[in-house]
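User: I'm new to this one and would like a close look at a single part of it. Could you walk me through that part and whatever ties it to the rest?

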Amino acid sequence: MRRRIFGLVFACFCAGQLTLQAQDFKLFGRDAEIHGFASQGFVYTNTNNWLTMNTNQGSGAFTDFGLNVSTNVTDKLRVGAQLYDRNLGQLGQYHPSLDWAVVDYRFKSWFGIRGGKVKTTLGLYNDSQDLDFLRTFALLPQSVYPTDLRDATIAHLGGDVYGSLPLKHGLGELAYTAYAGHRSDSIYGGVAYLASQYKVYFSSYGGLQYGGDLRWNTPLKGLLIGASRMNEDVTGKAKAINPLNPGAGFIPYSAVSKADWINQFYGEYTVGKLRIDSEYRRFVHNEQDQSADIVLVEIYDDVRGWYVSGSYRVTKRLALGSYYSRYSVTSVAGGLLAPYAPHQTDTSLPANHIYDKVISARVDLKRYWNVKVEGHFMNGYEYSSYPDGFYPQVNPQDFKPNTNALVVKTGINF
């Protein structure tokens, strides 16, 4: 019933916004802007269920929407905030969140600061994942931007310093960002959902997050290259069924990272109606899970993903695109429960990788309303200790090595 209610609200929202533009009003004598977006998707897969949805029967449990307001208090000071909500299969479950809320002061072009709940600059698209209306694709490459883990990297509660520096001799421009803050995952996200298969139920998951990004707008018009680094110190608090004595009920449980970092390298080239981009991400996650100071299991995950993407605006209303995305994980476990988590080191096996070939078409019915149709042809399902889109809870009959998916998504923005 709840899903039907939200579906009806979404449909009414769409109908009501078809003639609505971005709204402006005065706040302390300054122009303030209200923007919003909403999208509804449908996913069908021929074998494995995907993204926690029952997709092999076809699923429309793929909804998100947001509303933001921002204003320039002075010529150098800007404030803004966004509310966001979503339902993705078993994730989100319509629990609204403050997506970001920022105070931004730009002293000079080469130095500015912002604080609050700040979108994290990581690669090309991490801080703009909600701007779906700017892209051809219904889903970003899942090897680098997994939609089921959106909350893990989207923002930090803290501060940034940033700026841009023109280079001499016509060598382009450097833009930098450095940040530090606190990451706080939703307990309705992919990490918590994957843990629930082991009867581990998180009440909190997060910690210190800091890093930086450096990007170079090169002398070649349209060419951008860059690199990002993120470090984290993450702790999760949970309750769990004692795996050594299930009849004893719940015990306190914690997950503490010993190492948690991301290196990401990227490039983008735009010329005319053509856009080409590529990224590589390596993520290392070394975690100890313990109870009463006893290490139950220590897991070392080495996650590597990359993609190459291209899109072309054929006409004013039609854009086509394609990408190849490649994702692999090696996982090694130790501790008392290590026998239940065997080593996974052969990335050629379907259980340790996902290779995804994608074709997509976008039709702009109106300036503010688009429809996307996308095909995914995946080999592998990568079932390990880190979430990746394929979950055993919705695949009780085990996994098949190949999955084809049809994604249809419509969205509006104002």
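Let's begin with one residue: where is the place of Ile276?

Analyst: Before anything else, keep in mind that this is a predicted model. Ile276 has its place in strand β12, so that strand makes a good thread to follow.

Start at Ile276 itself. With a relative accessibility of 37%, Ile276 counts as partly exposed, because buried would mean under 20% and exposed over 50%. Ile276 also has company: together with Val271, Leu274, Tyr312, Val314 and Leu320, Ile276 forms a nonpolar patch on the surface. The accessible area of those residues adds up to about 450 Å².

Now on to Arg282. Strand β12 covers residues 274–291, and Arg282 sits in it. Arg282 makes a salt bridge with Asp302, and the closest N and O atoms are 2.7 Å apart. Asp302 belongs to strand β13 (residues 294–313), 20 residues away from Arg282, and the pair links distant parts of the chain. How covered are the two partners? Arg282 is partly exposed, at 23% relative accessibility, while Asp302 is buried, with a relative accessible area of 8%. The 20% cut-off for buried is why they get those labels.

Asp302 has another partner too. Arg304 forms a salt bridge with Asp302, where the closest N and O atoms are 3.1 Å apart. Arg304 counts as partly exposed, at 35% relative accessibility.

Further along strand β12 comes Glu287. Glu287 counts as buried, at 11% relative accessibility. The side chain of Glu287 makes a polar contact with the side chain of Tyr205, at 3.1 Å. Leaving out residues up to four places away in sequence, Glu287 touches Tyr205, Ala255, Val256, Ser257, Lys258, Val297, Glu298 and Ile299. For a sense of scale, take Phe377: Glu287 and Phe377 are 90 residues apart in sequence, and their C-alpha atoms are 32 Å apart in space.

One of those neighbours of Glu287, Ala255, gives us a way over to Phe202. Phe202 touches Ala255 as well, along with Ile187, Ala192, Ala195, Gly236, Lys237 and Ala238, again not counting residues up to four places away in sequence. Phe202 and Trp50 are the residues with the most contacts inside the largest nonpolar core, which has 51 residues. Helix α3 (residues 190–195) supplies the largest share of this core, 5 residues. There is also a second, separate core of 8 residues, and Tyr125, Leu140, Tyr266 and Tyr307 are among them. As background, nonpolar side chains in soluble globular proteins tend to be buried together.

Finally, a step back to the salt bridges. A search of the whole structure finds 16 of them. One joins the side chains of Asp99 and Arg150, at 3.0 Å from N to O. That pair also links distant parts of the chain: Asp99 lies in strand β5 (residues 97–108) and Arg150 in helix α2 (residues 150–153), 51 residues apart. Both Asp99 and Arg150 are buried. Elsewhere, Asp104, Arg114 and Asp160 are linked in a network of salt bridges.

So that's the tour: strand β12 holds Ile276, which is part of a nonpolar patch on the surface, and strand β12 also holds the buried Glu287.

Key
Residues are numbered from 1 along each chain as its sequence is written. This is a predicted model: local features need pLDDT of at least 70, side-chain atom pairs count only at pLDDT 80 or more; totals for chains, interfaces and linings use all residues. Side-chain values use heavy atoms; hydrogens and water are left out. A salt bridge is a side-chain nitrogen of Lys or Arg within 4 Å of a carboxyl oxygen of Asp or Glu. Helices (H or I, at least four residues) and strands (E, at least two) are DSSP runs, numbered from the N terminus. Buried means under 20% relative accessible area, exposed over 50%, partly exposed in between (1.4 Å probe, protein chains only). A nonpolar core is a set of buried Ala, Val, Leu, Ile, Met, Phe, Trp, Tyr and Cys residues joined through side-chain atoms within 4.5 Å. Contact means heavy atoms within 4.5 Å. Patches are made of residues with over 30% relative accessible area and no salt bridge: like charges are joined within 9 Å, nonpolar side chains (Val, Leu, Ile, Met, Phe, Trp, Tyr) within 5 Å. Accessible areas come from the Shrake-Rupley method with a 1.4 Å probe; for residues, only the protein chains shown count as cover. A polar contact is a pair of N or O atoms within 3.5 Å; within protein, one must be able to donate a hydrogen and the other to accept it, and residues adjacent in sequence count only if both atoms are side-chain atoms.
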